[in-house]
Amino acid sequence: MSTRDIYETSFDEDIQTNSSTNSCPECNGRVTTNSVETICEDCGLVIDEQRIDHGPEWRTHDQDQRKRTGAPLTAARHDRGLSTEIGRWKDANGNKLSGRKRQRLSRMRREQTRGRFQSKAERNLAHGLGEVRRIASVLELSDSVRDQACQLFRSAQNEDLLRGRSIEAVAAASIYGTCRCNGHSRLLDDVVDAARVDQSRVTNAYKTLNTELGLPTQPVRPSEFIPRLASELDVPAYLRQRARRLAEQAESTGVASGVKPSGFAAACLYKAGREEGRWLTQAEVAEVASVTATTIRSHQDTLKELAV
């Protein structure tokens, strides 16, 4: 009895021979598919490449706690998240390190930090992306907005817009520009408070990004600020709805164009409160909207003229 009769022959997924119906388009020869590519055995033509990785997805050294091979790529890191980090107190198995090993790892960590950046531009990119992540964390922005802001900072550096400008200012401008592009009701004052730079520098950097990169920013409408201001003033839902209707009617007539949207939204809340018998002082709504009480009175007169 031969060996072929003793051991059963099973299907090998790495080497597959197609049927005769699928022949070579050049010579009508026999086509074979392996784990890498599909080739013709007669003329050697490479018909297709196999892009599926048949290797293991899990780490093999720990069968109890299987983990995937790594985190996905992210734009929030200068190296896309591909660099490694040296631990401090425990090894890979969770055991506490001795004093001598901790000193050795400290020296290795110092050398890794020194050789982490290949150029000054890469160092500036890492510093700028770290500032973007910090501001996004203070403002409690989503991860998608943070990644978009990091990508905008990369584009600014690639276009050589960082020359002569503060890295912190461009990082704050990237956050503000991303919020404008996504329609978030974020004031420039909020971004400046979280940043470590003057407002004039952030404004200049944002104008440069908007002009040179052509950001798809849309005009901010006062109705977008109503939910945020109403939440900070702790007004009921019916006042919020009334103020939103006032803002939308003013936007449809065009009187809200060219004014600060947060101040006009605060005036709508103030007028809605007076109509419903809930007295909101002009100082309260002006402080929340970062405007003066004179602005609130001016916009209130405009709403009275519209008779809305």
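Tyrosine 176 has a relative accessibility of 12% in this predicted model, and because the cut-off for burial lies at 20%, this residue counts as buried. Its partner, tyrosine 206, is likewise buried, with a relative accessible area of 10%. Together they make up the 1 aromatic pair that the structure holds. A pair of aromatic rings is described by the distance of the centres and the angle of the planes. For tyrosine 176 and tyrosine 206 the ring centres are 5.0 Å apart and the planes stand at 75°, so the arrangement is edge-to-face. The pair also links distant parts of the chain: tyrosine 176 belongs to helix 5 (residues 167-181) and tyrosine 206 to helix 7 (residues 199-213), with the two positions 30 residues apart in sequence numbering.

Attention now turns to a group of cysteines. In the unreviewed UniProt entry, the annotation "binding site" covers Cys24, Cys27, Cys40 and Cys43. These positions are spread over 20 residues of sequence, yet they cluster in space, with a largest C-alpha distance of 8.7 Å.

Two of the annotated cysteines can be followed in closer detail. Cysteine 24 sits in the loop between strand 1 (16-17) and strand 2 (31-33), and with a relative accessible area of 1% it is buried. Setting aside neighbours within four places in sequence, cysteine 24 is in contact with Gly29, Val31, Cys40, Cys43, Leu45 and Ile47; Cys40 and Cys43, from this list, also appear in the UniProt annotation. Cysteine 43 occupies the loop between strand 3 (37-40) and strand 4 (46-49). Its relative accessible area is 43%, so cysteine 43 is classed as partly exposed. When residues up to four places away in sequence are not counted, cysteine 43 touches Cys24 and Cys27, both of which are covered by the annotation.

For the wider setting, the chain contains 12 helices and 4 strands. It has 308 residues, of which 34% count as buried. Among contacts with a separation of 6 or more, 58% join residues 24 or more positions apart. The chain exposes about 19700 Å², and carbon and sulfur atoms supply 44% of that area.

A word on confidence rounds off the picture. The pLDDT averages 79 over the chain, and 82% of the residues score at least 70. Residues 1-21 have a pLDDT below 50, and this stretch has 17 contacts in the model beyond near neighbours in sequence.

Notes
Residues are numbered from 1 along each chain as its sequence is written. This is a predicted model: local features need pLDDT of at least 70, side-chain atom pairs count only at pLDDT 80 or more; totals for chains, interfaces and linings use all residues. Side-chain values use heavy atoms; hydrogens and water are left out. pLDDT is the predictor's confidence in each residue, from 0 to 100. Contact means heavy atoms within 4.5 Å. UniProt positions are given in the numbering used here, feature names are shortened, and annotations may be inferred rather than shown by experiment. Buried means under 20% relative accessible area, exposed over 50%, partly exposed in between (1.4 Å probe, protein chains only). Accessible areas come from the Shrake-Rupley method with a 1.4 Å probe; for residues, only the protein chains shown count as cover. Rings of Phe, Tyr and Trp (its six-membered ring) pair if their centres lie within 6.5 Å; planes under 30 degrees apart count as stacked, over 60 as edge-to-face and the rest as tilted.
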